[in-house]
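Colleague: I should like to learn how to read a predicted model. May we begin with the confidence values?

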Amino acid sequence: MKSGSDSGTSFPGAFPSAFVDPSSVAVVGASENQAKWGYWLARGALAGADRRQVWLVSRRATEILGHRSYPSVSDLPGTPALVVLSVPAEHVLPVVNDALAKGSRAFLGITAGLGAAAEDELAALLDRFGARMIGPNSLGLVNTTADLRLAWGHFTRGNLAIVSQSGQVGSEIAELGARSGLGISRFYSVGNQLDLTAADVLESLTRDEHTKTVALYLESFSDGTRIVEALRELRRAGKHTLVLTTGASEGSRRLARSHTGSMTSALDVVDAACRVAGALRVSTPNELVDVTRVLAATAPPAGRRVAIISDSGGQGGIAADVAAAQGLLTPALSDRLQARLRTLLPAAAAVDNPVDLAGGGEAELQVYAKVAEAVAESGEVDAIVLSGYLGRYGEDSPGVQEIQDTEFAVIDRLGQLAGGAAPVPVPLVVHSMSRSSPAVLRMRDHRIPAFDTIDAALGALGRAARLGGQPGRDLPPGRDNAASRVQGYWGAREFLMAQGIEMPCARRVTDAAELAQACTSLRAPLVLKAGWIEHKSEHGAVRTGLNQDTTAEAFTEMYDRLGPGEYVLEEQDTRPGVVEMLVGARRDPDFGPTVVVGFGGVQAELWQDVSVELAPVDRSTAANMLDRLRSSRLLDGWRGQPAVDISALIEAIVVVSELIAGDASLEEIEINPVRVGPRGALAVDGLVVPVIHHV
């Protein structure tokens, strides 16, 4: 199968206009039966009939939805720019052949179940004629601004573009968005990606002025590096991307030979790719829509500082706990700001953060707006969350017009704040105890994101803040090297030391005589290793704490058990205050070079404490990787231990990341452990694995 990235008929830098705003559309398999795909496709196509020529094709009907129907594509009076295929699988190839003969070069394949042989034949046919296809097994495509609606379901106009491998997941996102007042700009269900891929669609969206946020659902990332670059271009164009996936590339991962591979999940790598691209992974369609609601109203928060304003001490306390779980901060407000808030609130109010109105809202509803304005103008926080009863006053007093009018006036005033009335715009998010009161709907009119649970409100805000905090980064070329010639542990030692990685003094030995000679030049205690075995401790291929008297006995035992080979005798690192870490890198089959750092030693896989990034990384990114580790506190000194030389560890991470990125013949590197002490880092075991090319 060809793809948009490697086909000889690809459109570099251009997405075929037939999938955006075609001059004409033919729906093959049109129907008047509302239970059939052909009905929805015909109905949607006809909705744009004032903008383009629409032809309906059906072997059984001469008229559909009041419009003439033709028995075949060959019978059409013109050449359709886009042909929609909604016919049984066995008819797809004949219809495509007819359409190609007619001159059509763009196809939307709704039909599923073609089978591998038929898909291969279809791909070859498209390639021969320089034609393009979205699908097959697609739910359709929609461009609301061009009145192009070729999908099942209802779509309202908005700024969210949806690109989905699963049509139904994409449809769910669109439906959840519609319930929250979000419309879509474009919708593409890419289906089996026989030809055009998600990457092709993403690239096209960078030029779409109607798209503000992109929702991407993929189950596999076989074109991962191109997808990352497309997401980076979207971010540069001022658009945000939210990524939803399941097991990602787990099914396609190759079995790693090192701890580096076994300790990282496919989702770890997807998250690393999102950080490079300036995108954010979410876990559910609902999470995605909630974050989009915040992004539709405002830019992501500039930082993690949040002011919580509540009319209930209990709700404010719960909000503060939820905020902390989301990685948000609730800093105490300055004395000056607290003094100002005291002039607005009852004496019993709390004004540090969270701010408890203590009945001030009931006494004067405008207090909600006044307090929010004061906090926004202070510049002390990056976002504001209003939590509590606002939005229910009018709903609970339906016969009192004055209450509803006053609540509306407060919301109108908050709308000015949300619209940028503050000197520096501060995102405002509301948690209301009402789901859909007139007041809550008025918040929607003012583009104020309102949620009926505090966890949804702060979850959306926290994710928006994380998105704002990862603008993406460049991936420069790595170090060119000769890793493909490395063999065994001794070869790995020489290779790594040549790149600046410090390792203990050692000698290579193959027999008892060489062992005896090595003992005279090395300082005890000593370590004996079988150099050709990768996971030495698991196979009894390493002995530590040896001296000149015990080394010979250890060698004889190991030699008798493991056989002849290249053994290594090393000086053992006995420095005090050392923390054992792992630094590794591997070539991900989808996203390419990655680098890993984590808690190391023989218990590395037990603790599963790792950070992953796409390689290469600079020193700043490497430092951030360490900050994300649970074990990072050990590096700073724990229970009276001295802080270790973090700079040396960072340098090792950078070097390893540059090595994996610089040589396509290199599959994996692992240094485990790297013993990091107060005066430097020493790698005491290493693995370098060249790519194996299968014939």
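Modeller: The value pLDDT is the predictor's confidence in each residue, from 0 to 100. This is a predicted model, in which local features need pLDDT of at least 70, side-chain atom pairs count only at pLDDT 80 or more, and totals for chains, interfaces and linings use all residues. Residues are numbered from 1 along each chain as its sequence is written, and side-chain values use heavy atoms, with hydrogens and water left out.

Colleague: What is the mean pLDDT of the protein, and where does pLDDT stay under 50?

Modeller: The mean is 91, and 93% of the residues reach 70 or more. Residues 1-13 stay under 50; the model gives them 34 contacts (heavy atoms within 4.5 Å) beyond four places in sequence. Residues 249-259 are also below 50, with 36 contacts beyond near neighbours in sequence. Where pLDDT is low, the predicted coordinates should not be read in detail.

Colleague: How should one read a helix, and which residues of H11 are buried?

Modeller: Helices (H or I, at least four residues) and strands (E, at least two) are DSSP runs, numbered from the N terminus. Buried means under 20% relative accessible area, exposed over 50%, and partly exposed in between (1.4 Å probe, protein chains only). In H11, residues 335-342, the buried ones are Leu-337, Gln-338 and Leu-341. They line one face of the helix, because they fall within an arc of 100° seen down its axis, the arc being that of the directions from the helix axis to the C-beta atoms. The face turned away from this buried side carries the exposed Asp-335, Arg-336 and Arg-342.

Colleague: What covers the buried residues of H11?

Modeller: The cover includes strand S16 (355-356) and helix H13 (367-378).
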